[in-house]
Amino acid sequence: MPPVTPDQRYIVVRGRLWRAANPNLDETRRADLVAQLMQARRAVKTARAAADPDAEDAAHRAVDVAKIALGERGPVWWQDGAPDLNRTMARNSPYADWFAALPSDDAD
């Protein structure tokens with residue numbers, strides 16, 4: 001598992017912040033949305049293999065819908081007015097000190 005910021009808003013992948021799913025989602029709802037996301041990602045792969053651009057576009061839209069419902073895209077799920085730092089390098093963010101303190105295996 002990638003490191004998660006102390007406020008659970010982001011995961012860190014290769015030094016970059018990526019918005020995490022809303023931790024306040026009901027576990028059943030979260031599991032359903034993850035299943036939808038994985039199904040949509042498989043549909044992207046299938047459409048690419050079939051060289052079907054219309055199916056691929058539809059599959060990408062399904063991925064987007066699932067990610068928005070999970071809170072990984074779209075409006076932020078937190079309520080304190082903090083900005084969305086998605087895709088920001090952790091070392092250039094308010095999480096820089098936390099990130100610098102991670103073991104080197106987690107900071108990759």
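Is Trp98 buried, partly exposed or exposed? In this predicted model, Trp98 is partly exposed, at a relative accessible area of 21%. The cut-off for a buried residue is under 20%, so Trp98 does not meet it.

Trp98 belongs to an aromatic cluster. The other members are Tyr10, Trp77, Trp78 and Tyr95. The count of aromatic pairs comes to 4. In one of them, the ring centres of Tyr95 and Trp98 are 6.5 Å apart and the ring planes make an angle of 75°. The pair is edge-to-face because planes over 60 degrees apart fall in that class. Tyr95 itself is buried, with 12% relative accessibility. Two numbers thus describe the geometry, since a pair of aromatic rings is characterised by the distance of the centres and the angle of the planes.

Thr5 touches several members of this cluster. Thr5 lies in the segment before β1. Its relative accessible area is 1%, so Thr5 is buried. Beyond residues up to four places away in sequence, Thr5 touches Tyr10, Tyr95 and Trp98 from the cluster. Leu17 is a further partner of Thr5.

Leu17 is also in contact with Thr88. Thr88 sits in the loop between α2 and α3 (96-100). With a relative accessibility of 23%, Thr88 is partly exposed. Neighbours within four places aside, its contacts are Gly15, Arg16, Leu17 and Ser93. Thr88 and Val12 are 76 residues apart along the chain. Their C-alpha atoms are separated by 9.7 Å.

At the level of the whole chain, the domain assignment gives two parts. Domain 1 covers 1-20 + 80-107, and domain 2 covers 25-71. The distance between their C-alpha centres is 25 Å.

The largest pocket draws on both domains. Domain 1 and domain 2 each supply at least three residues of its lining. The pocket holds about 520 Å³ of space. Its lining comprises 20 residues. Those nearest the centre are Ile11, Arg19, Ala20, Lys67 and Glu72. By secondary structure, β2 (16-19), α1 and α2 each contribute at least two lining residues. The largest share comes from α1, with 5 residues. By class, the lining has 11 nonpolar, 7 charged and 2 polar residues.

Backbone geometry was examined next. Most residues other than glycine have a negative phi. Gln8 and Ala51 have positive values. For Gln8, phi is near 65°. Gln8 is placed in the segment before β1 (10-13). At 43% relative accessibility, Gln8 is partly exposed. For Ala51, phi is about 55°, again positive in a residue that is not a glycine. Ala51 is located in the loop between α1 (27-49) and α2 (53-70). Its relative accessible area is 62%, so Ala51 counts as exposed. The cut-off for that class is over 50%, which Gln8 does not reach because its value is 43%.

Key. Residues are numbered from 1 along each chain as its sequence is written. This is a predicted model: local features need pLDDT of at least 70, side-chain atom pairs count only at pLDDT 80 or more; totals for chains, interfaces and linings use all residues. Side-chain values use heavy atoms; hydrogens and water are left out. Domain bounds come from an automatic or database domain assignment. Helices (H or I, at least four residues) and strands (E, at least two) are DSSP runs, numbered from the N terminus. Buried means under 20% relative accessible area, exposed over 50%, partly exposed in between (1.4 Å probe, protein chains only). Rings of Phe, Tyr and Trp (its six-membered ring) pair if their centres lie within 6.5 Å; planes under 30 degrees apart count as stacked, over 60 as edge-to-face and the rest as tilted. On a 1 Å grid over the protein atoms alone, a cavity is a set of points where a 1.4 Å probe fits but cannot get out, and a pocket is an open set with protein on both sides within 12 Å along at least five of seven lines; lining residues have an atom within 4 Å of a point. Grid points are joined across faces, edges and corners, and a volume is the space filled by probe spheres set on the points. Ala, Val, Leu, Ile, Met, Phe, Trp, Tyr, Cys and Pro count as nonpolar, Asp, Glu, Lys and Arg as charged, and the others, Gly among them, as polar. Contact means heavy atoms within 4.5 Å.
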